[in-house]
Amino acid sequence: MRAPGGPRAITTAAVLAVLLSACAGTPAALRPDAARAPVVAGYLDETAVAALADAVPPPPAPGSAEDLDDKARSARFIALEDTDRWLLATAHAELRPPLALQHFDCALDARLDPAAIPQLTRLMQRLFHDADSAAERVKARAHRPRPVGDDLQRNACQRLTEAGRRSASYPSGSSTVGAVYGEAFAALDPTRAEAARRMGEELGRSRLICAMHYPRDVAAGDALGRAVFQAAAAQPAFQADLIAARAELAAVRATGARSPGCAAEAQALATPLP
């Protein structure tokens, strides 16, 4: 379905294109030609990651009432294809620091230029490692197909390889990472905590719009991400990195630089979800 036309819709799409130019892309895990970023160790050791993953309940059984409910709810998101919220979801497909941190520009009222935030980027890279490791550990023990894997005619808002289409959906690694980022930015700037957490949640909702996950996949990822953050935040290394990143964020905000796409982002996020 196409969003209603008109000057306002065109303007919104144009400004959203600014966001896309900065941070759009297929997640590196799903890009066959992606150059891998250097691996940065997380805050948690393997035992801690395993404990977090083991606490995640299994996905709905195929054909169960929960599974069928998920599929029915997922199908309703087809109505958002080609809308402004779909375009924003395309940008949200990029989840690796430093580019992914720009999803939080408007929530933080700051322009997170990658060149200006090396300490913040490192902190988020370490959290990404922990969140991704925990989610992948859960996926390895029970394979649930993605919406785009169950329905090969379903559109995704990113380029997919066949392996990506067939990869596991539960829990949503994207919502796990989004929840971790939201909690981390809330800790960095408690005055913007609500907005930061909401943007973290929107990253997961974008994966519903993109047909990459079912609702229960995203809910499980949200819960796992919050648990990962709480475990990481208890580590002395995280607290030291938080102090450095908070100072960096204050310096960035002091420049007065702001994202030009915030009005369009707000309009897209105001789209009612089915």
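**View 1. Arg 122 and Asp 241 meet in a salt bridge.** In this predicted model, the side chains of Arg 122 and Asp 241 come to 3.4 Å, N to O. Arg 122 sits in helix H6, residues 118–141. Asp 241 sits in helix H12, residues 236–254. The pair therefore ties together parts that are 119 residues apart in sequence. Arg 122 is partly exposed, at 37% relative accessible area. Asp 241 has a value of 14%. Buried means under 20%, so Asp 241 counts as buried.

**View 2. Glu 202 and Arg 85 form a salt bridge between two helices.** Their side chains lie 2.9 Å apart, N to O. Glu 202 belongs to helix H10, residues 193–209, and Arg 85 to helix H4, residues 84–91. The bridge thus joins parts 117 residues apart in sequence. Both Glu 202 and Arg 85 are buried.

**View 3. Glu 202 also meets Arg 198 in a salt bridge.** The N to O distance for this pair is 3.4 Å. Arg 198 and Glu 202 are both in helix H10, four residues apart. About one helical turn separates them. Arg 198 is partly exposed, with a relative accessible area of 40%. Glu 202 is buried, with 3%.

**View 4. Salt bridges link several charged residues in a network.** The acidic members are Asp 67, Asp 69, Asp 70, Asp 150 and Asp 217. Lys 71, Arg 73, Arg 144 and Arg 216 belong to the network too. The count of salt bridges in the model comes to 19.

**View 5. The largest nonpolar core has 48 residues.** Those with the most contacts inside this core include Leu 112, Leu 120, Leu 123, Leu 127 and Tyr 181. Several helices each supply at least two residues, among them helix H2 (46–54), helix H9 (173–188), helix H11 (215–233) and helix H13 (262–269). H6 gives the most, with nine residues. In soluble globular proteins, nonpolar side chains tend to be buried together.

**View 6. Met 124 is among the residues with the most contacts inside the largest core.** Leaving aside residues up to four places away in sequence, Met 124 touches Pro 97, Leu 101 and Tyr 181. Met 124 also touches Ala 184, Phe 185 and Leu 188. Of these partners, Tyr 181 and Phe 185 are also listed with the most contacts inside the core.

**View 7. A second nonpolar core is separate and has 14 residues.** Val 148 and Cys 157 are among its members. Leu 160 and Ala 211 are included as well.

Definitions and conventions:
Residues numbered from 1 in each chain as written. Predicted model: local features only at pLDDT ≥ 70, side-chain atom pairs only at ≥ 80, totals over all residues. Heavy atoms only, no water. Salt bridge = Lys/Arg side-chain N within 4 Å of Asp/Glu carboxyl O. Buried < 20%, exposed > 50% of the residue type's maximum accessible area, 1.4 Å probe, protein only. Core = buried A, V, L, I, M, F, W, Y, C linked by side-chain atoms within 4.5 Å. Contact = heavy atoms within 4.5 Å.
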